[in-house]
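Here are a few short exercises to work through with the model open in your viewer. Try each task before reading its solution.

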Amino acid sequence: MQLTTNSLNQLPTPCYCYDLSLLRSTLNVIKEETKDYPFIVHYALKANANPKILKEIVHAGLGADLVSGNEVKAALDAGFAPGMMAYAGVGKNDWEIETGVDNNIYCFNVESVPEMEVINEIAARHSKTAGIAIRVNPNIDAHTHRYITTGTTENKFGIDIPVLDEVVDKALSLPHIHLRGLHFHIGSQITDMEPYRLLCEKINELLDHYEGRGITFEMIDVGGGLGIDYENPEEHTIAPFKDFFDVFKQNLNTRQGQKVHFELGRSIVAQCGALVSRVLFVKENSAKKFVILDAGMTDLIRPALYNANHKIVNLTSQSASQASYDVVGPICESSDVFAQDLALPLTKRGDLVAILSAGAYGESMASRYNMRDLPHCHFIE
Ligand code: LLP
C-alpha cells in the first residue's frame, strides 16, 4: 500500500489508513478468478466492518458472512442484499435470529440441533421458512495457529460427521426450515492449499453419500481462511486467490446447478490497511532500546493475542544507520509488544511508524481498555 509521510504528517494517531485502490484491485482479482464458475463469495464482516470498506465490497457485488445480529444490521445498512447473507456462529440470541428471519437472509449456518429447533420456532412465529446450511466439522487440521483452527473435533464448531445423517433428517423434518446445503470452515490464515484439497475430498464423499440417499443440496459453503503474507506484504499485496480458487475448481465435484459459497475475510482486507502511529518516546535500559508508540494492543491486539508478526516500518527516519529496538505500546500489560529486537533506522520521538497488514482483525478487534479512545481512520483513494 502507498504511504508517504507528507500525506500523513497531519494525521491524528493512532490511525488506521486504508488504501481503497488496493482494496478495489483485490476485489477485481476475486471477480476475475470466479467469473466463469458457480462461485459466490461472501465477505466476512468480522475482519473489518468499517462502513467505507463495506461500501466498496457491496459495490463489487459480494455477499456477506455474518456472526452477530449487529453484523446483520451493519450489512443491511451497507447495502448488502439479504439474499446474499449467511449468518454463522455457535451461539445466536433469539433477537439475532429474529433479525435474520425478519430480513429474509439467505441462510443461517447452523451448528447444533437445539439451534435448528429455535430457528424453526422463530420462523414459524413469523410465518416464514428460514434457509439453513448445516455446519459440518470435517476434522481437517488446517495447520494454522491453534486459536484459529476450527475444523477439528477438538473445536467447538460444527456437527461431527458420524451424527450428520440424523441432523440432516431432523432439518428435513422441520416445516419452517429449508435445508439449502452444508457449510464448512477449517480455519484462518491458511497458506498451504493441501487442507483445502482434503476438504474437497471430504465434501465429495458427503455429496455422494447424500445423493445415494436421494438428497441433493443447492449449495455448499466451503468457508474462508485464505492466508496472506505478513512477512513480505509489499511484495504480495494481493493474496493468492488463483491458487485458492483453483483447488476448488479442480477438486470439488459439484452437482448440476449447485453453487459453491466462500466466506473470505482476511485475504480481502488485510493488506489494504496499516496502523499508523507516532513514536512517543525512545527509551533505553541496560539490556534494550524501546520504541514506545502511541498505538497499543487496544488498537491492534493480534501480536499480543496470537504472537502475530506484522511488518513495521519507520515512515519518517532517513537515517542510514540502524539500531535494534523492541517496539511497544503504552498499555499497562507486558504483552503490549509489537516486535522484539527489530532492526529499524535510528528512530526518535515524533517519527511516524506504520504497522502493515493490519486491515483485517485490526480495527474490528480494537477495544477501549485503559479507557483509551478507539483508533482514528483515514482513507487513501
Ligand atoms: N467463516 C467462518 C465461519 C469463520 O469463523 C471465519 C473466521 C471466516 C469465515 C473468515 O475467515 P478468514 O477468511 O478471515 O480467515 N482474529 C483472528 C482470526 C479469527 C478468524 C475467525 N473466523 C486473527 O486476527 O487472526
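**Exercise 1. How much of the protein chain is buried, and what is the chain's overall build?**

Solution. Keep in mind that this is a predicted model. Start with burial: 54% of the 381 residues of the protein chain count as buried. Next, go through the secondary structure, which comes to eleven helices and 17 strands. Then take the radius of gyration, which is 22 Å, while the globule rule gives 21 Å for 381 residues; the two are close, so the chain is as compact as a globular protein of that length. Finally, look at the box along the principal axes: the C-alpha atoms fill roughly 70 × 40 × 40 Å.

**Exercise 2. Which residues are closest to the ligand, and what polar partners does the ligand have?**

Solution. First, collect the shell: 17 residues surround the ligand, and the closest are S188, E263, R302, Y306 and Y361. Second, check the side chains for N or O atoms beside the ligand. For S188, a polar side-chain atom sits 2.4 Å from a ligand oxygen. In the side chain of E263, an N or O atom is 2.6 Å from a nitrogen atom of the ligand. The side chain of R302 has an N or O atom 2.6 Å from a ligand oxygen. Third, turn to the surface: the ligand taken alone exposes 590 Å², and the protein buries 92% of that.

**Exercise 3. Which elements and domains supply the shell around the ligand?**

Solution. Begin with the elements that give two or more residues: these are β10 (259–264) and α11 (302–306). Move on to the domains: domain 1 (5–11 + 271–380) and domain 2 (20–268) each contribute at least three residues. Last, sort the shell by class, which yields six nonpolar, five polar and six charged residues.

**Exercise 4. Is T347 buried or exposed, and what does its side chain contact?**

Solution. Locate T347 in the loop between β15 (337–345) and β16 (352–355). Its relative accessible area is 9%; buried means under 20%, so T347 is buried. Now follow the side chain of T347: a polar contact of 3.1 Å joins it to the side chain of N314. A polar atom of the T347 side chain also lies 2.7 Å from the backbone oxygen of P345.

**Exercise 5. Where does Y106 lie, and how far is it from M85?**

Solution. Y106 is in the loop between α5 (94–102) and β5 (107–110). With a relative accessible area of 14%, Y106 is buried. To finish, compare sequence with space: Y106 and M85 are 21 residues apart along the chain, yet their C-alpha atoms are 5.3 Å apart.

Key. Residues numbered from 1 in each chain as written. Predicted model: local features only at pLDDT ≥ 70, side-chain atom pairs only at ≥ 80, totals over all residues. Heavy atoms only, no water. Near = heavy atom within 4 Å. Polar contact = N/O pair within 3.5 Å; in protein donor to acceptor, adjacent residues only side chain to side chain. Areas by Shrake-Rupley, 256 points an atom, 1.4 Å probe, with all protein chains shown as cover. Helix = DSSP H or I, 4+ residues; strand = E, 2+ residues; numbered from the N terminus. Nonpolar A, V, L, I, M, F, W, Y, C, P; charged D, E, K, R; others polar. Domains from an automatic or database assignment. Rg over C-alpha atoms; globule rule 2.2 N^0.38 Å. Buried < 20%, exposed > 50% of the residue type's maximum accessible area, 1.4 Å probe, protein only.
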